[in-house]
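Hi there,

Here is the structure I said I would pass on. Have a look at it first, and my notes follow below.

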Amino acid sequence: MGFDLAAWRETAPITAEAALERYRDLAARSPADAVEPELKGFLEELGSAFAGAVAPWAQEPSARGGVVVMTARWSQSARVHAVVRELARRHGLVCFDPQERQVLHPWVTLSLSDGTRIENPDAERIAAALGSLSRSRYYAILERAEQDYVQVGYAGGFGAVSYALERREGSADRHYRCELPDLARVTRAFEAFAAGEDGWAAGFEWYRVEF
């Protein structure tokens, strides 16, 4: 028994419901003889990532109608998730987890309370945007997928400034917050999230937010 992951290219964000419908349709097809160029590099790097190690697959990855379908052993879930997410991001592919109904897009969007939107911001633009937070520009949110984001709220007055850093991991019952007096740590968290770094949330004193 294993868990499934899939990767494919999209030109715009896709909801979990739409991704599930697409996944079910394409995963039911037979593996393709010819692999689309956009997926070939992904499959090659996927094979190299696990070369020389115990194969994590319950079924070998295959390309079907523009989608790479992967079935891995549950015992290898953390390892496979980390590798597949990073490779999908690097190759500009959507990564879909049908068990969790979670879509991870290869791009991120930074939005500010004044309506400013920045697509795929680099570290410099993230730092500049967060550095502009104030009473009138009081929050920023960096979204990778529906229900997958990090955000910060600015609170300042009488010379004291603090930041409420929050993250959501797929649903409202996995929403966490911590308070920080230091914008540098907030900025580092946003940059690491944007880069898809594993473990970016470590080192913060999070508590779960009840809705």
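The charged side chains of the protein chain come to 24 positive and 31 negative, and the centres of these two sets lie 1 Å apart. Please keep in mind as you read on that this is a predicted model.

Now for the overall picture. The protein chain has 211 residues, of which 43% count as buried. Its C-alpha trace spans about 65 × 30 × 30 Å along the principal axes. The secondary structure is made up of five helices and 12 strands. Among contacts in the chain with a separation of 6 or more, 58% are between residues 24 or more positions apart. The chain exposes about 10,900 Å², and 49% of that is supplied by carbon and sulfur atoms.

I spent some time on the strands around β1, and I think you will enjoy tracing them. Strand β1 covers residues 2-8 and is mostly covered, with five of its seven residues buried. It pairs with two strands that I followed up, β3 and β4. With β3 (residues 67-73), β1 forms seven bridges in the antiparallel sense; one pair to look for is leucine 5 with its bridge partner methionine 70. With β4, β1 also runs antiparallel, and three bridges join the two. Here alanine 7 stands opposite cysteine 95, while tryptophan 8 has valine 94 as its bridge partner.

What covers the faces of β4, you may ask? I can at least tell you which residues are buried there: Val94 and Phe96 on one side, and Cys95 and Asp97 on the other, so that both faces are covered. For cysteine 95 the relative accessibility is 4%, which is why it counts as buried, the limit being under 20%.

From β4 the next stop is β5. These two strands pair in the antiparallel sense over three bridges, and cysteine 95 stands opposite leucine 104 of β5. Together β4 and β5 form a hairpin with four residues between them. Arginine 101 belongs to the loop between β4 (94-97) and β5 (102-104). This arginine has a positive phi of about 55 degrees although it is not a glycine, and arginine 101 is partly exposed, with a relative accessible area of 41%.

Where is the other residue of this kind that I noted? Asparagine 120 lies in the loop between β7 (117-119) and α4 (123-131). Asparagine 120 is not a glycine either, yet has a positive phi of about 45 degrees. Its relative accessible area is 47%, so asparagine 120 counts as partly exposed.

A word on the cysteines as well. Cysteine 178 is buried, with a relative accessible area of 2%, and cysteine 95 is buried too. How many disulfides does the structure hold? The count is zero.

Finally, a look at helix α3, which runs over residues 77-90 and includes alanine 78. Is alanine 78 buried or exposed? Its relative accessibility is 62%, over the 50% limit, so alanine 78 counts as exposed. The C-alpha atoms of alanine 78 and leucine 5 are separated by 12 Å, with the two positions 73 residues apart along the chain counted as their separation. Leucine 5 is the β1 residue whose bridge partner is methionine 70.

Happy browsing, and all the best!

Key: Residues are numbered from 1 along each chain as its sequence is written. This is a predicted model: local features need pLDDT of at least 70, side-chain atom pairs count only at pLDDT 80 or more; totals for chains, interfaces and linings use all residues. Side-chain values use heavy atoms; hydrogens and water are left out. Buried means under 20% relative accessible area, exposed over 50%, partly exposed in between (1.4 Å probe, protein chains only). Contact means heavy atoms within 4.5 Å. Accessible areas come from the Shrake-Rupley method with a 1.4 Å probe; for residues, only the protein chains shown count as cover. Lys and Arg count as positive and Asp and Glu as negative; His and the chain ends are not counted. The place of a charge is taken as NZ of Lys, CZ of Arg, CG of Asp or CD of Glu. A disulfide is a pair of cysteine sulfur atoms within 2.5 Å. Two strands pair if DSSP finds at least two bridges between them.
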